[in-house]
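Biologist: Please walk me through one part of this molecule in close detail, starting from the overall fold and then narrowing to that part. I should like to see how the strands are laid out, what packs against them, and how a single loop residue fits in.

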Amino acid sequence: MRNYPAKTTAPGAAVPERIKVAVLALPEVLALDFGIPIQILGRNAAHLYEVATCSAGGLPVRADGGFTVVPDRGLELLEEVSTIVIPGFTSARLPLHDDVRLALQAAHARGARLVSICTGAFALAQAGILDGVRATTHWEHTAEMARLYPAVAVDENVLFVESGQVLTSAGVAAGIDLCLHIVKSDWGAAEGNRTARSTVAAPRREGTQSQFIERRPRSGAASQPRDVAAAMEWAGTHLERPITIGQIATAASLSERTLSRRFDTHVGLTPMKWLAVQRIDRAKELLETTTAPVEAIGASVGLGSGANFRQVFKKSTSLTPSQYRHAFTRKATGV
């Protein structure tokens, strides 16, 4: 469960109060990183989030690529929101403006959620917010971050890291993964998957998946090769069955060994671990959106008896199915 739950306008209200988000543009901001939270949170999940942009002094910011970003507000916006997103910026090695550094420190002290994409993590590191915190950034910059900020526990082998109120991600596509993770954490699997479909992105890539680094190439899951997509499609439509890796391989017209290698390269998980994630995700959706008994849901996603389902679900989410249903149906309805 997140520490930043949404509120509703009145008890029993069907429409929840949106979570306020600020996207901070720093000098030479990376255009794609800047657009990710605006697109995913501000447009594709606009009924859940209220997103605005800001900069030091509210001044226009030069973007990497030659054009200018005109923000909505100045740094005072950071005092009004519960979530602050810092996109990557190419001037990340230069000292932050004092007003920016102090504003980030003040936001952290009052408990705001701080989110960075790519080199946005350097801003958090400069502000001392990542001291003693496990964090990541784009793999090309992890060594430099570790050298410049030895107090930060830099991890290059993940797509994103959630360390309490601070969330950091690798570059570009990992920023999409992190924003979708935020939606899912705030509002549940059904909203997370709906937003992913609207974004035309993969519903879930684990934060622990390795980055696309030179010594072990990986590609994003949003546009899978045809054979991997066929395997996923078949397995996803047969979740209620006891599925073996051999059956998945047959559906994709691959050998088991080739299937495993293809999943390792393009998904970052083994086929069976990927399948386990899909079962839990589908169970979350059913718990949120139906009143079906827990035992029936467990059987429908291939997790067996009620007792086994409860055990597996709690191991994955730290909640029992009933606790999860209670938490997220209350959040969705405002009860």
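Modeller: Among contacts in the protein chain with a separation of 6 or more, 65% are made by residues 24 or more positions apart. The model discussed here is predicted. Its protein chain has 335 residues, 50% of which count as buried, and it comprises 13 helices and 11 strands. The chain exposes about 15,000 Å², with carbon and sulfur atoms supplying 55% of that area.

I turn to the strands. Six of them form an open sheet in the order β3-β1-β6-β7-β11-β10, and the pairing is mixed. At its edges stand β3 (49-54) and β10 (160-163), each of which pairs on one side only. On average, and with direction ignored, neighbouring strands of this sheet are turned by 15° against each other. Within the sheet, β1 (residues 19-24) and β6 (residues 83-86) run parallel and are joined by three bridges; A22 has I84 of β6 as its bridge partner. As a general point, side chains in a regular strand alternate between the two faces of the sheet.

Helix α1 (residues 31-44) lies across β1, β3, β6 and β7 (113-117). Its direction is at about 155° to that of β3. The edge strand β3 ends at residue 54, and C54 counts as buried because its relative accessibility is 0%, under the 20% cut-off. C118 has a relative accessibility of 5%, so this cysteine also counts as buried. A search of the whole structure finds zero disulfides.

A further open sheet consists of three strands in the order β2-β4-β5, again with mixed pairing. Its edges are β2 (29-30) and β5 (68-69); each has a single partner strand, so one side of each is left without a neighbour in the sheet. The strand β4 (residues 61-64) runs parallel to β2, and two bridges join them. L30 is bridged to D64 of β4. On the other pairing, β4 and β5 are antiparallel and share two bridges, with V61 having V69 of β5 as its partner. These two strands form a hairpin with three residues between them. In that turn, G65 has a positive phi of about 125°.

The part that merits the closest look is the surroundings of F89. This residue lies in the loop between β6 and α2 (98-109). Is F89 buried or exposed? Its relative accessible area is 2%, which places F89 under the 20% limit, and it therefore counts as buried. Leaving aside residues up to four places away in sequence, F89 touches L26, P27, E28, V29, L30, L96, T119, G120 and A123. Residues 29-30 constitute β2, and V29 and L30 are among the contacts of F89. L30 is thus of interest twice over: it is bridged to D64 in β4, and it touches F89. L26 and F89 are 63 residues apart along the chain, yet their C-alpha atoms are separated by 6.3 Å.

Towards the C-terminal end of the numbering, a helix pair adds another view of the packing. In general, two packed helices are described by the angle between their axes and the distance between the axes. For α10 (residues 271-289) and α12 (residues 306-317), the axes come within 11 Å and cross at roughly 100°. This angle falls between 65 and 115 degrees, and the two helices are therefore roughly perpendicular to each other. On the α10 side, the contact is made by I280, A283, K284 and L287. On the α12 side, F309, V312, F313, S316 and T317 take part.

Two serines in loops complete the account. S318 lies in the loop between α12 and α13 (321-333), and its phi is near 70°, a positive value in a residue other than glycine. With a relative accessible area of 59%, over the 50% cut-off, S318 counts as exposed. S253 is found in the loop between α8 (245-251) and α9 (256-266). Although S253 is not a glycine, its phi is positive, at about 55°. S253 has a relative accessible area of 67% and is therefore exposed, whereas F89 in its own loop is buried.

Key. Residues numbered from 1 in each chain as written. Predicted model: local features only at pLDDT ≥ 70, side-chain atom pairs only at ≥ 80, totals over all residues. Heavy atoms only, no water. Disulfide = S-S within 2.5 Å. Buried < 20%, exposed > 50% of the residue type's maximum accessible area, 1.4 Å probe, protein only. Pairing = 2+ DSSP bridges. Helix = DSSP H or I, 4+ residues; strand = E, 2+ residues; numbered from the N terminus. Axes fitted to C-alpha atoms, helices over the stretch in contact; angles between N-to-C directions. Contact = heavy atoms within 4.5 Å. Areas by Shrake-Rupley, 256 points an atom, 1.4 Å probe, with all protein chains shown as cover. Parallel < 35°, antiparallel > 145°, perpendicular 65-115°, else oblique.
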